[in-house]
Amino acid sequence: MPTLPVPPSWFPGHMMKFTRMLPSLLTKTDVVLEIRDSRLPLTSINRTLEGALQKWRRERGWDPNNSTRRIMNNGACERIIVLNKRDLVPQWGMEPFRNAMGKKFPDQQVMFASWQRPRDIRNLSELLVNIAKKYPHAMELNVLVIGMPNVGKSTLLNALRNMGIKGRTPKAFQTGAQPGLTQALSTRLKVSLEPLVYAFDTPGVMLPYLGRGEEGAERGVKLALISGIKEGLYDMEALASYLLYRLNVLNPISPAYLHLLPKGAVPTVDLQEFLEQLARRMGMIMRGAEFDTARAAAYFVRWWREEGGLIAATSSPLHLAEPFGSVIRPPPIQGWGFDFQWPLDAEDLPATKKDEEKFVQGKMETCIDNYLAAIEREDNEELNISPTQIKKQQVKEEKLRRKQRQLKR
């Protein structure tokens, strides 16, 4: 993996305000619809909201020791995870991922969706309506939509409204490519008439601190690539370097970026070589006949966001084995999205096509376990707290000690 820059801190005041409001909002909520990005199904989890969500479930009667058992059922209390932008990840990993998440998080319903696929929106609408029908004595079902910036919350809600309300409906929420467009809790949006279902759009909330070391740096670059972090906080060549690395992992034999290079180009891990080839192909030449690699890097990232992600999803097959002459050899690494990768060992490859899904699910379960272990380690070692916050806490503790000493006198 290339060397990555230290992640910036981007946590505007409206995000802090919503984080503090969340516990009170949940008291009026029946369903939490958490939107994540299919390309980053683990990185786009907002851990800062997890405590409030778990408390909400306990207060609604779910057993804290058994997440699938409800002790007291006096109203709807469901958590649905929607992996948005499903067309930007390969199809072969979706069902194994759903099964792996169902095994690790049995209290969460996981589904993939894209606002461009009416069937996905219809399935989500029917799911919400069916939950409402389970509680016929309730006057309405209130849905709170949460997630990180730019995962597609507002766009998905507009599509859900158009599906649930017959006839022409105006666009309810403003949408855009830049993160942070929604900065306040929306008014209630009716998404179904019979039964009555209302939804609230909320501001996208980033992690207050992305972490330290290599893990924090990688987390920041991933979120910047999907435009989850404000544009301009990252150098485009740093993003291009990581994107080149990831596209090589997804398909080391014929990576998606070859569509941008001259015919006959071969995969490369050298960023400078790649950017020079791209600049030559696109005519990005500066004075002195030098290649404009900075411009080429920005073009590469923009291409991936606009169309390259779709190309990568449709050209990243499941590489269980590839023929090389008379020997069958798998590529050394398999990837799915930007959060999943595992080494391929010829000895543990599935023997038949039928076993492929279970094989992939097992690898994904291991990746999820590693993610959870890393999060627990960060929490225990306080690696998820910024140096500024640590310093503020130390100053606060020192003031408290001084006050106690003065009281003893």
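1. Buried here means under 20% relative accessible area. Cys77 has a relative accessible area of 1%, so this residue is buried. Cys367, at 12% relative accessibility, is also counted as buried, because the cut-off is under 20%. These values, like those below, come from a predicted model.

2. How many disulfides does the count give? The count comes to 0. A disulfide would be a covalent bond between the sulfur atoms of two cysteines. The rule applied here asks for a pair of cysteine sulfur atoms within 2.5 Å.

3. On burial across the whole protein chain: buried residues account for 50% of its 409 residues. The exposed area of the protein chain is about 21100 Å², and 51% of that area is supplied by carbon and sulfur atoms.

4. On secondary structure, the protein chain holds 11 helices along with 10 strands. Take the contacts in the protein chain between residues at least 6 apart in sequence: 68% of these join residues at least 24 apart.

5. On overall dimensions, the C-alpha trace of the protein chain spans about 65 × 65 × 50 Å along its principal axes. The radius of gyration of the protein chain is 24 Å; a compact globule with 409 residues would have a value near 22 Å, so the two agree.

6. On charge, the protein chain carries 58 positive and 45 negative charges. The mean positions of these two sets lie 8 Å apart.

Terms used
Residues numbered from 1 in each chain as written. Predicted model: local features only at pLDDT ≥ 70, side-chain atom pairs only at ≥ 80, totals over all residues. Heavy atoms only, no water. Helix = DSSP H or I, 4+ residues; strand = E, 2+ residues; numbered from the N terminus. Rg over C-alpha atoms; globule rule 2.2 N^0.38 Å. Buried < 20%, exposed > 50% of the residue type's maximum accessible area, 1.4 Å probe, protein only. Contact = heavy atoms within 4.5 Å. Areas by Shrake-Rupley, 256 points an atom, 1.4 Å probe, with all protein chains shown as cover. Lys, Arg positive; Asp, Glu negative; His and termini not counted. Charge placed at Lys NZ, Arg CZ, Asp CG, Glu CD.
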